[in-house]
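The following exercises ask the reader to work from coordinates to statements about a protein model. Each task is followed by a solution in steps.

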Amino acid sequence: MQAGKDARAAGGHLAAGENAGPPGAPAGEMTPHDPGTEWDYAPAPESRDIVTLEPEYGLFLNGEFVPATGGQVFATVNPATEEPLAQVAEAGAADVDRGVAAARAAYEQVWGPMPGAERAKYLYRIARILQERSREFAVLESLDNGKPIKESRDVDVPLAAAHFFYHAGWADKLEHAGLGPSPRPVGVAGQVIPWNFPLLMAAWKLAPALAAGNTCVLKPAETTPLTALLLAEVCQQAGLPPGVVNVLTGAGETGAALVAHPGVDKVAFTGSTEVGKQIRRMVAGTGKRLTLELGGKAANVVFDDAPVEAAVEGIVNGIFFNQGHVCCAGSRLLVQESVADAVVERLRDRLGTLRLGDPLDKNTDIGAINSRQQLDKIRELSDAGEAEGAERWSTVFTGVSQSHRIAREEIFGPVLSVLTFRTPEEAVAKANNTPYGLSAGVWTDKGSRILWLAQRLRAGVVWANTYNRFDPASPFGGYRESGFGREGGRHGLAAYLDG
Ligand code: NDP
């Protein structure tokens, strides 16, 4: 991997390429790409000017930005440079009370009784404003999260807008969704989201809930609150009635207070399996509805008849997209033994061309790890991989066995474990040898083999000859330790409706 000079000089959380290089190369030395063909990209930085950063951000409560009751704030930083970006209000229990009360009043007086066709107009408006302000959202997302601008610009923001457009279309057609003749909203939704796709996860949570007639209290992740607050501003701009969407920034305690609040009818959580289990215990016996979208350890299965170039692109996309901070990342490569050497060699060549650097540079493929804490976790697990005997090349491990920690635990970073198999049956057994069940990928020329595998892989999503493809019409979610419930599509609406 090549390192962008700007970001390395800035000394941020750039981990992926730190040890990039052939085995034995000193840490910090980058892979020398073929010197005959090597050439440098000129920097292509996206301007920050489109974003106006406020020194301090309030909570979005009942249609207004207000300070936290106790006046507490926390800092959010740019993970690429560790530069503080802003102070953000930290919601306490009293603010959670206020948020839930505002959502309840809006649900009973305005949003619940409103005809679906009217609700749809607001959702369309939000979607259009997201498109109009897409550059602003993309720059802010990359600043606060560290993801490359080309991903925030081409994936996160367009998909977020698409979610609002898609669900706007459902708002006046809910009785045709196959969920009963006149499905009713559930009430007040308490929604807690992680830092890996801050805007997109907000859209996944808010759009279906609002389309179905619920009101929302959203808790963004502590390290990435800014785009959720900009989305709150868009709600204001769209004229959304006060209280329909409330955004309470804060840390885990804020999330816990929201989940535990008796005024919440439905809890929707995306994040770690560990916290998901805590939430399940908190919600048990309360009668609240619950959906959990948790971790994963997906197998990306490559057969000997797969087109190698396409499969390698899929492997790279599977594990390096968003620095590997993806619950459905293809973090276990299962490759058929007869082609393993050829695939790994081609993969190494391809990795040598990836550009690691300033997230705001349009040429950057791999940006910053989201936080110091996450970087430490990635390092700990990578070190464990070496200690357990796997062979390391950059952040790719070969000779991995199923019992290794790097093959079992979710790393949530750009670290790939390569395992081999001989027969389709062995591929299925190894792919399913995980407590998770979120996603999987299959690469083969044979349609019949894809169908055979898709029936046997225990994963909520199986991609065939592609990876990390998302569409608002397609339900997403897992089972076992990856959680339950679906987001997106007709199935995603079910979580927010009583049939
Ligand atoms: P968490 O599960 O801790 O965080 C997810 C969200 O839940 C955040 O908004 C967090 O707030 C909030 N939260 C934390 N504790 C509680 C609680 N007790 N009750 C209610 N809400 C709570 O994930 P982390 O950010 O700590 O990441 C840890 C690991 O989780 C990662 O390394 C990764 O493996 C995995 N992960 C998986 C994700 C997925 O999409 N499946 C997404 C994110 C992480 P705050 O941010 O302030 O702590």
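The exercises below treat a helix, a pair of cysteines, a ligand site, a glutamate and two loop residues.

This is a predicted model, in which local features need pLDDT of at least 70, side-chain atom pairs count only at pLDDT 80 or more, and totals for chains, interfaces and linings use all residues. Residues are numbered from 1 along each chain as its sequence is written, and side-chain values use heavy atoms, with hydrogens and water left out.

**Exercise 1. Compare the expected span of helix α11 with the distance between its end C-alpha atoms, and state what its buried residues pack against.**

Step 1. Helices (H or I, at least four residues) and strands (E, at least two) are DSSP runs, numbered from the N terminus. Helix α11 covers residues 337–351, which is 15 residues.

Step 2. The expected span is 1.5 Å times one less than the number of residues. For α11 this gives 21 Å, and the end C-alpha atoms are 21 Å apart, so the two values agree.

Step 3. Buried means under 20% relative accessible area, exposed over 50%, and partly exposed in between (1.4 Å probe, protein chains only). In α11 the buried residues are V339, A340, V343, V344, L347, R350 and L351.

Step 4. These buried residues pack against α10 (308–320), β14 (332–336), β16 (391–393), β17 (396–398) and β18 (416–421).

**Exercise 2. Determine why C327 is not bonded to the closest cysteine sulfur.**

Step 1. A disulfide is a covalent bond between the sulfur atoms of two cysteines. The criterion here is a pair of cysteine sulfur atoms within 2.5 Å.

Step 2. The closest cysteine sulfur to that of C327 belongs to C328 and is 4.7 Å away, which is too far for a bond. The structure holds 0 disulfides.

Step 3. C327 counts as buried because its relative accessibility is 11%; C328 is also buried, at 1%.

**Exercise 3. Describe the surroundings of the ligand.**

Step 1. A residue is near the ligand if one of its heavy atoms lies within 4 Å of it. There are 28 residues around the ligand, and I193, W195, S272, L294 and K377 come nearest.

Step 2. Polar side-chain atoms of three residues may then be listed with their distances to the ligand:
- Q278, 3.2 Å from a nitrogen atom
- Q374, 3.0 Å from an oxygen atom
- E410, 3.0 Å from an oxygen atom

Step 3. On its own the ligand has 840 Å² of accessible area (Shrake-Rupley method, 1.4 Å probe), and the protein covers 86% of this area.

Step 4. Two or more residues of the shell come from each of α8 (252–260), β11 (266–270), α9 (273–283) and α12 (372–387).

**Exercise 4. Place E141 in its environment: is this residue buried or exposed, and which residues does it contact?**

Step 1. E141 lies in helix α4, residues 134–145, and is buried, with a relative accessible area of 1%.

Step 2. Contact means heavy atoms within 4.5 Å. Leaving aside neighbours within four places in sequence, the contacts of E141 include K147, D156, F197 and T227.

Step 3. The side chains of E141 and T227 are joined by a polar contact of 2.7 Å. A polar contact is a pair of N or O atoms within 3.5 Å; within protein, one must be able to donate a hydrogen and the other to accept it, and residues adjacent in sequence count only if both atoms are side-chain atoms.

**Exercise 5. Characterise the positive phi values of N62 and S394.**

Step 1. Most residues other than glycine have a negative phi. Phi of N62 is near 50°, and that of S394 is about 55°.

Step 2. N62 lies in the loop between β3 (59–61) and β4 (64–66), whereas S394 is in the loop between β16 and β17.

Step 3. N62 is partly exposed, at 41% relative accessible area, while S394 counts as buried at 3%.
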